[in-house]
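User: Please take a close look at one part of this model, starting from a single side-chain contact and working outward to the surroundings. I would like one connected account, with the reasoning set out wherever a cut-off matters.

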Amino acid sequence: MSSARPRHARARRLPLAGVLRLNRPSDIWYKPALSVVVAVGVPNLTLLALGRLDLALFTMAGSLCALYAHNLPYAARGRALGGVVLGMLASVAVALVTASLTSSAAVLVAVGALLAAAHKAVTDVTGIGPPGPVIFTFISSASLFAPQTLGQVPGHLALAAAAGAWAWLVGMAPGLLRPHGPERRATARALNAAAAHVEAFRTTGTGTGHGDGKGAGDTDGGRARARAAAAAAVHAAWQSLLATGARPEPRRALGRLLVRAEVALAAPADTDPGLLRSWARGLRGTHPVPRVAPGRDADELLGAEAELAAPRQRPGDRLRPLLPLALRTALGCALAGYVSLALGVGRPYWALVTAASLYQANLTLTWSRGVQRVVGNLVGVLLFAAVAPLAHLGPAALVLCCLAFNFGAEALITRNYWLGSICVTPMALLITEFTGFQESGGLIADRVVDTLVGASVGFVAAVAVTNRRAGDRIEDALETVERAREHAARLVAAERAEDGALESARRRLAAALVELRATADAAAGEWWQRALPEERVVLAERSGHRTLAATVRRQGPHHLEDVQA
């Protein structure tokens, strides 16, 4: 068909509407906010008592690791936080050694840009999640421009390591009270998203009974978005349950609930959304996990276990599509730093960090992040001007103001990035004063210039480095979906399938559909991109979801009776 081959490249409009719109806060916004206050506060207050606030930059390198991995189960979180701390120490070590060997600002900016590109690539490949590479780049860039001798490096790294160990303990501590909290939250999100999909189906659907996609309602944008969101939430919840090898009964009970969410996704007409939301509410707090009729849970959970044995994509294969983003980051950060130096700004790493913070999955998201960053930083410097007299009352007031802004940044940033930046900006400015109070007007002027330079130069670099591989990734994702769909269809048609085989095939097809939607969305956001096979994507999604529904019907009515009204 005509859409099978892209015909030409075209430019896409960069949006302004909705860029600053506020979202609902994250359901666990307070967890990273409180964690970072405790992780930063204890080392900083200790340094305050010792009269050595000038060392706070190095302890904050470890303390800010507490911002990561809050959605991961605790066993996986322990490994992830350990990796974050080691990655931070490696970055800081490179920065400190470089700073001790050269005072050339040009060399320091180049090293900072290369580190920023490495941070972007590694965090994207590992999927560590928010706050992504920006914390690593912020700390390593500041360390590059901190006066340093080679003999001081081991001691400063030891401070960072000690604070990192404390951050690890802070991040793991909630597991003592609620050991399966992350999995429960992920399952609750999946159940609520599945309920929203069912409600959207009933609002716009045509009563086909099993969501076969043949009715006109299947083209409704709201219904398609609800289905994609539900599929992504269910897939994320399974990833959470499969993140560790152990399968205690609470986690198996959560798996049974996720099976019901999958059934609701495939057969919305036969599902009671109120029951799904009731199960989601039952996962709050420390109450026992809601029980559902077991059905054929042995087969269902065997399918989940098969996920662990599935071949994983090699790191090199995951890294290859990210190379254009890493190149954008390196080029944009270097240019931003050099322009800042040419303008005579004393802290070019602020421009470098601003550029590094922009780069998202595609150019449209990068543009939106740039607008949010500029607005948040400009409002943030006004807030700093208002708070500076209070912070300058003494070192204790300075530390407490920084802690307040740490909390505010994490509490607000899930509403919209610009809102969190309003607190991040004065916090970063106050950190520079740990070595001694400075004239506020000069700090504000430097920050405004670096913000504008970093955002504008960084975005220009993103435009210059096109990501033509985004279209190729769609082709790969389409092939993956088709293979998974054909495999599932063969099992549906077979007279008998091995235990768990149909469940495993269904889950792999669902994961492939989630990846296809994410890949298509990322490619659609590139500014200059060849025409995308949009019809093929829509047809692949429709046929894939029809096959998912067929697997439910093939497994029999026991799957449906627990989610019916």
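Analyst:
**The contact at S63 and its surroundings**

A polar atom of the side chain of S63 lies 2.9 Å from the backbone oxygen of A39. The model is predicted, and the distances and areas given below are to be read as values computed from it. S63 belongs to helix α2, and because its relative accessible area is 1%, under the limit of 20%, this serine counts as buried. The contact with A39 is therefore made by a residue that is buried, through its side chain and the backbone of its partner.

Two further residues can be read by the limit applied to S63. C65 has a relative accessible area of 1%, so this cysteine is buried. A69, placed in the loop between α2 and α3 (74–101), has a relative accessibility of 6% and is therefore buried as well. The backbone of A69 deserves a separate remark, since its phi is positive, at about 70 degrees, although the residue is not a glycine.

On the other side of α2 in sequence, the loop between α1 (30–50) and α2 holds G51. Here the relative accessible area is 57%, and because this is over 50%, G51 is exposed. The C-alpha atom of G51 is 9.0 Å from that of P395, although the two residues are 344 positions apart in sequence. Helix α1 itself contains A33, which at 0% relative accessibility counts as buried. A33 also has a partner that is distant along the chain, namely F407, 374 residues away in sequence but 4.7 Å away in space, C-alpha to C-alpha.

Helix α2 also takes part in the lining of an open space, the second largest pocket, whose volume is about 460 Å³. Among the 24 residues that line this pocket, L57, A142, A146, P147 and T435 are the closest to its centre. Two or more lining residues come from each of α2 (56–63), α5 (134–144), α14 (348–358) and α17 (417–431). By class, the lining of the second largest pocket consists of 14 nonpolar, 7 polar and 3 charged residues.

Since α5 is among the elements that line this pocket, the loop that leads to that helix can be considered next. P131 has its place in the loop between α4 (105–126) and α5, and the peptide bond that joins P130 to P131 is cis, with omega near 0 degrees.

The cysteines call for a short piece of reasoning. A disulfide needs two cysteine sulfur atoms within 2.5 Å, and by this rule the count comes to 0. C402 shows why no bond is assigned there: its sulfur is 7.2 Å from the closest cysteine sulfur, that of C401, which is too far. C402 is nevertheless buried, because its relative accessibility is 3%.

Further along the chain, helix α18 (residues 440–464) allows a check on its geometry. At 1.5 Å a residue, its 25 residues should span 36 Å, and the C-alpha atoms at its ends are 36 Å apart, so the expected and computed spans agree. At the start of α18, a side-chain oxygen of E439 comes to within 2.8 Å of the backbone nitrogen of G441.

Enclosed spaces can be set beside the open pocket. The structure holds 4 cavities of 30 Å³ or more, and the largest cavity contains about 110 Å³ of space. Its lining includes W238, E262, R506, R507 and L548, while α8 (221–241), α9 (249–266) and α20 (501–524) each give two or more residues to it. The residues lining the largest cavity divide into 8 nonpolar, 1 polar and 3 charged.

A last contrast in exposure comes from E534, in helix α21 (residues 534–555). Its relative accessibility of 46% falls between the limits of 20% and 50%, and E534 therefore counts as partly exposed. The C-alpha atoms of E534 and A520 are separated by 8.2 Å, with the two residues 14 positions apart along the chain.

Key:
Residues numbered from 1 in each chain as written. Predicted model: local features only at pLDDT ≥ 70, side-chain atom pairs only at ≥ 80, totals over all residues. Heavy atoms only, no water. 1 Å grid on protein atoms, 1.4 Å probe; cavity = no way out; pocket = protein on both sides within 12 Å on 5 of 7 lines; lining within 4 Å. Points joined across faces, edges and corners; volume = space filled by probe spheres on them. Helix = DSSP H or I, 4+ residues; strand = E, 2+ residues; numbered from the N terminus. Nonpolar A, V, L, I, M, F, W, Y, C, P; charged D, E, K, R; others polar. Buried < 20%, exposed > 50% of the residue type's maximum accessible area, 1.4 Å probe, protein only. Expected span 1.5 Å × (residues − 1). Polar contact = N/O pair within 3.5 Å; in protein donor to acceptor, adjacent residues only side chain to side chain.
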